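Here are a few exercises to work through with the model open beside you. Try each task before you read its solution.

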Amino acid sequence: MKIFVINGYPGSGKDEFVELCIKHSTKPIVNYVTSTPAKLALSMLGWDGNEKTPKVRKVLAYLMEVSETLFNGVIAATEDRLLRAREDYGDNCIVFIHCREPRNIDYYRKRHGAITILIDRNKARKKGFNNESDANVEKYNYDLIIENNESLQVLEQSAIEFLKFRRGE
């Protein structure tokens with residue numbers, strides 16, 4: 001199993017990059033977002049799941065922080081997802097973990113040998129952020145930076161090149 005931690009500002013193209021990898025991969029790809037449990041909790045409290053306003057993003061970041069502080073929740077949920085991926089595919093899969101928090105990125109890097117990826121898009125940087133998770137995306141030393149300032153076709157080529165490079169390891 002090859003594990004990649006992917007990060008980038010909101011709107012940088014992380015999901016699009018993973019979808020393009022899924023499209024071109026010969027291996028199964030598992031795409032896990034560490035904020036999923038917080039999103040489920042917020043949905044149970046009335047959020048419709050569609051709108052990610054700055055206020056909603058701030059609450060999601062807060063819920064993740066509370067979960068992490070009290071229960072090591074983000075790590076526990078991710079470890080569970082990794083276990084299920086291994087049960088489903090053995091070691092013959094690629095896992096993308098969307099994660100913003102540097103302490104958790106470090107955990108995946110140290111515990112699982114994860115390679116870290118930043119999807120960088122100039123337009124996404126210019127937004128104002130009201131929570132530390134979104135505001136501090138660039139304050140990490142990533143293994144790989146993928147620029148997403150061109151067309152979708154250029155991002156698709158980046159995904160193809162990424163997969164070819166990873167096959168050669």
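**Exercise 1.** Find what the side chain of Ser 12 reaches in this predicted model, and decide whether Ser 12 is buried or exposed.

*Solution.* Start with the polar partner: a polar atom of the Ser 12 side chain sits 2.8 Å from the backbone oxygen of Tyr 9. Next, place the residue in the fold. Ser 12 belongs to the loop that runs between strand S1 (2-7) and helix H1 (14-24). Now check its accessibility: the relative accessible area is 1%, and the cut-off for buried is under 20%, so Ser 12 is buried. Finally, look for company from further along the chain. Skipping neighbours within four places in sequence, Ser 12 has contacts with Ile 119, Arg 121, Ala 124 and Asn 148.

**Exercise 2.** Work out which residues of H1 are buried and how they are arranged around the axis.

*Solution.* Pick out the buried set first: Lys 14, Phe 17, Val 18, Leu 20 and Cys 21. Then look down the helix. These residues span an arc of only 160° around the axis, so they share the same side of H1. The spacing fits a general rule: an α-helix has 3.6 residues a turn, so residues three or four places apart point the same way.

**Exercise 3.** Sort the residues of strand S4 by the way they point, then find the strands that S4 is joined to.

*Solution.* Begin with burial: S4 covers residues 115-120, and 6 of its 6 residues are buried. Now split them by direction. Ile 115, Ile 117 and Ile 119 point one way, while Thr 116, Leu 118 and Asp 120 point the other way. That's the usual pattern, since side chains in a regular strand alternate between the two faces of the sheet.

Next come the partners. S1 and S4 run parallel and are joined by 4 bridges; here Val 5 has Thr 116 of S4 as its bridge partner. S4 also runs parallel to strand S5 (residues 144-147), again with 4 bridges, and in that pairing Leu 118 stands opposite Ile 145.

**Exercise 4.** Describe the largest nonpolar core: which residues touch the most other members, and which element gives the most?

*Solution.* The core has 27 residues, and those touching the most other members are Met 1, Ile 3, Val 5, Val 95, Ile 97 and Tyr 108. At least two residues each come from S1, helix H2 (36-44), helix H3 (54-71), helix H4 (73-89), strand S3 (94-98) and helix H5 (102-112). H4 gives the most, with 4 residues. For a close-up, take Ile 97: beyond its neighbours within four places in sequence, its contacts include Ile 3, Val 5, Leu 82 and Tyr 108. Apart from this core lies another, of 17 residues, including Phe 17, Phe 96, Ile 117 and Phe 162.

**Exercise 5.** Count the aromatic pairs and classify the one formed by Phe 17 and Phe 96.

*Solution.* The whole structure holds 7 aromatic pairs. Phe 17 and Phe 96 are 6.3 Å apart, centre to centre, with 90° between the planes, which makes the pair edge-to-face. Phe 17 is in H1 and Phe 96 in S3, so the pair ties together parts 79 residues apart in sequence. Both residues are buried, and they form one aromatic cluster with Phe 4 and Phe 162.

Now try Tyr 107 and Tyr 108. Their ring centres are 5.5 Å apart and the planes meet at 80°, so this pair is edge-to-face too. Tyr 107 is partly exposed at 26% relative accessible area, whereas Tyr 108, at 0%, is buried.

Methods:
Residues are numbered from 1 along each chain as its sequence is written. This is a predicted model: local features need pLDDT of at least 70, side-chain atom pairs count only at pLDDT 80 or more; totals for chains, interfaces and linings use all residues. Side-chain values use heavy atoms; hydrogens and water are left out. Buried means under 20% relative accessible area, exposed over 50%, partly exposed in between (1.4 Å probe, protein chains only). A polar contact is a pair of N or O atoms within 3.5 Å; within protein, one must be able to donate a hydrogen and the other to accept it, and residues adjacent in sequence count only if both atoms are side-chain atoms. Contact means heavy atoms within 4.5 Å. The arc is that of the directions from the helix axis to the C-beta atoms. Two strands pair if DSSP finds at least two bridges between them. A nonpolar core is a set of buried Ala, Val, Leu, Ile, Met, Phe, Trp, Tyr and Cys residues joined through side-chain atoms within 4.5 Å. Rings of Phe, Tyr and Trp (its six-membered ring) pair if their centres lie within 6.5 Å; planes under 30 degrees apart count as stacked, over 60 as edge-to-face and the rest as tilted.
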